[in-house]
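Trainee: Please take a close look at one part of this protein with me. I would like to begin with a single residue and work outwards from there.

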Amino acid sequence: MGKRLEGAVAIISGAGSSGPGWGNGKACAVQFAREGAQVFAVDINTEAVAETKAIIDQEGGDCVIYNADVTDSDSVGRLVAACVETYGRIDVLHNNVGIVEPGGPEEIKEENWDRLMNVNVKSMYLTAKNVLPHMVEAGSGSIINVSSIASFYSLGYPCVSYCASKGAVNALTRNIATQYAKHQIRCNAILPGLMDTPLIRGAVSQAYEDVEAMVSERDALCPMGKMGDAWDVAHSAVFLASEESRYVTGIELVVDGGLTLTMKL
Ligand SMILES: NC(=O)c1ccc[n+]([C@@H]2O[C@H](COP(=O)([O-])OP(=O)(O)OC[C@H]3O[C@@H](n4cnc5c(N)ncnc54)[C@H](O)[C@@H]3O)[C@@H](O)[C@H]2O)c1
């Protein structure tokens, strides 16, 4: 079998990682390159995304990094232009950037609500807005938005802005899928469940007393006895980026080891 993304150009937002180990965006960037994609890796943290590039380079893959804040309209315009200038086109847009802040409406500060919505939702609108004209011209493309099962279910602790933002990501995904199907452009969401990534050991752990207790608690909640990891998200993203999913659009691909089967709305 050939490489599944041979010749594809993919923009990946948040291709670094917020801590040591494998975040979803970092694993996606590396897996896309392993499958033959030319990876345009974007992150606000230059050091983190340089680490991703070093891994891809070492494995003989093709990766260019770009430092940008994807909540900033001008920066997104520039990064999309830079990708087209570098690689000539854009086949895949993988919107991975997302942040978490535990808390309910009374606890979360208004400025933090706005910031989280900008990072988790507006960034995906901005990247799509700038990438879609290129995909329309090419008559093909795949957009993948990283959502969460938190868009449907309670996480067991208050996390109102994050859950609301991921609900918006699902709606954004369905709308883009509907509007652009006639251009052969697909748009799908990935809904990870409880995943063991640097993100949860950082921001999410604020909702718990200690990190190892949080990890054990999250593992115990999962029907398979353990959380998933960044590679589970990366492999799903390869499927949605590749021709194998050419007739799949507007879906919410749940990657949770069966966790949502045990949850009530
Ligand atoms: N880990 C989980 O349990 C879990 C579960 C469900 C969904 N998710 C989703 O996965 C995605 C993130 O996964 P990850 O593991 O890669 O997270 P991560 O925090 O490890 O990495 C995200 C990267 O995005 C970058 N970033 C943040 N804000 C940015 C901005 N404004 N512009 C450009 N880059 C920015 C960070 O520097 C970081 O390198 C999020 O959308 C998150 O909601 C994670």
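Trainee: Which residues does glutamate 101 touch, not counting residues up to four places away in sequence?

Mentor: Happy to help! Before we start, keep in mind that this is a predicted model: local features need pLDDT of at least 70 and side-chain atom pairs count only at pLDDT 80 or more, while totals for chains, interfaces and linings use all residues. Numbering starts from 1 along each chain, following its sequence as written.

Now to your residue. Leaving out residues up to four places away in sequence, glutamate 101 touches Ile108, Asn112, Leu116, Ser161, Tyr162 and Ala203. Being in contact here means that the C-beta atoms of two residues, placed from the backbone, lie within 7 Å. Glutamate 101 sits in the loop between strand E4 (92–95) and helix H4; helices (H or I, at least four residues) and strands (E, at least two) are DSSP runs, numbered from the N terminus. Glutamate 101 counts as buried because it has 20 other C-beta atoms within 10 Å. The rule is that 20 or more other C-beta atoms within 10 Å of a residue's own make it buried, 12 or fewer make it exposed, and anything in between is partly exposed, with C-beta atoms placed from the backbone. For a sense of distance, the C-alpha atoms of glutamate 101 and tyrosine 247, 146 residues apart along the chain, are separated by 35 Å.

Let us follow H4 next. Tyrosine 125 has its place in helix H4, and it is partly exposed because it has 17 C-beta neighbours inside 10 Å. Its C-alpha atom is 7.8 Å from that of leucine 172, which is 47 residues away along the chain. H4 (residues 110–138) also meets helix H3 (residues 73–87): their axes come within 9 Å and cross at roughly 35°. Axes are lines fitted to C-alpha atoms, for helices over the stretch in contact, and angles run from 0 to 180 degrees between N-to-C directions. H3 passes H4 in a right-handed crossing, meaning that the near helix is turned clockwise from the far one by less than a right angle, whereas anticlockwise would be left-handed. On the H3 side, the contact is made by Ser73, Val76, Gly77, Val80 and Val84, and on the H4 side by Leu126, Thr127, Asn130, Val131 and His134. Sorted by class, that contact holds five nonpolar, five polar and no charged residues. For these classes, Ala, Val, Leu, Ile, Met, Phe, Trp, Tyr, Cys and Pro are nonpolar, Asp, Glu, Lys and Arg are charged, and the others, including Gly, are polar.

Val76 takes us to another loop. Alanine 68, in the loop between strand E3 (62–67) and H3, is in contact with Val42, Ile44, Ser75, Val76 and Leu79, leaving aside neighbours within four places in sequence. Alanine 68 is buried because 20 other C-beta atoms lie within 10 Å.

Then there are the cores. A nonpolar core is a set of buried Ala, Val, Leu, Ile, Met, Phe, Trp, Tyr and Cys residues joined through C-beta atoms within 7 Å. The largest one has 66 residues, of which Ala10, Ala29, Phe32 and Val39 touch the most other members. Apart from it lies another core, of seven residues, and Tyr162, which you met as a contact of glutamate 101, is among them, along with Leu199, Ile200 and Val204.

Finally, the ligand. Of the 29 residues around the ligand, Gly14, Gly16, Ser18, Gly23 and Gly98 come nearest; a residue counts as near when its C-beta atom, placed from the backbone, lies within 6 Å. Helix H6 (198–202) is one of the helices supplying at least two residues of this shell, and H6 gives the largest share, three residues. In the loop between E6 and H6 you find threonine 197, which is buried because it has 25 C-beta neighbours inside 10 Å. Beyond four places in sequence, threonine 197 is in contact with Trp22, Gly23, Asn24, Asp229 and Ala230.
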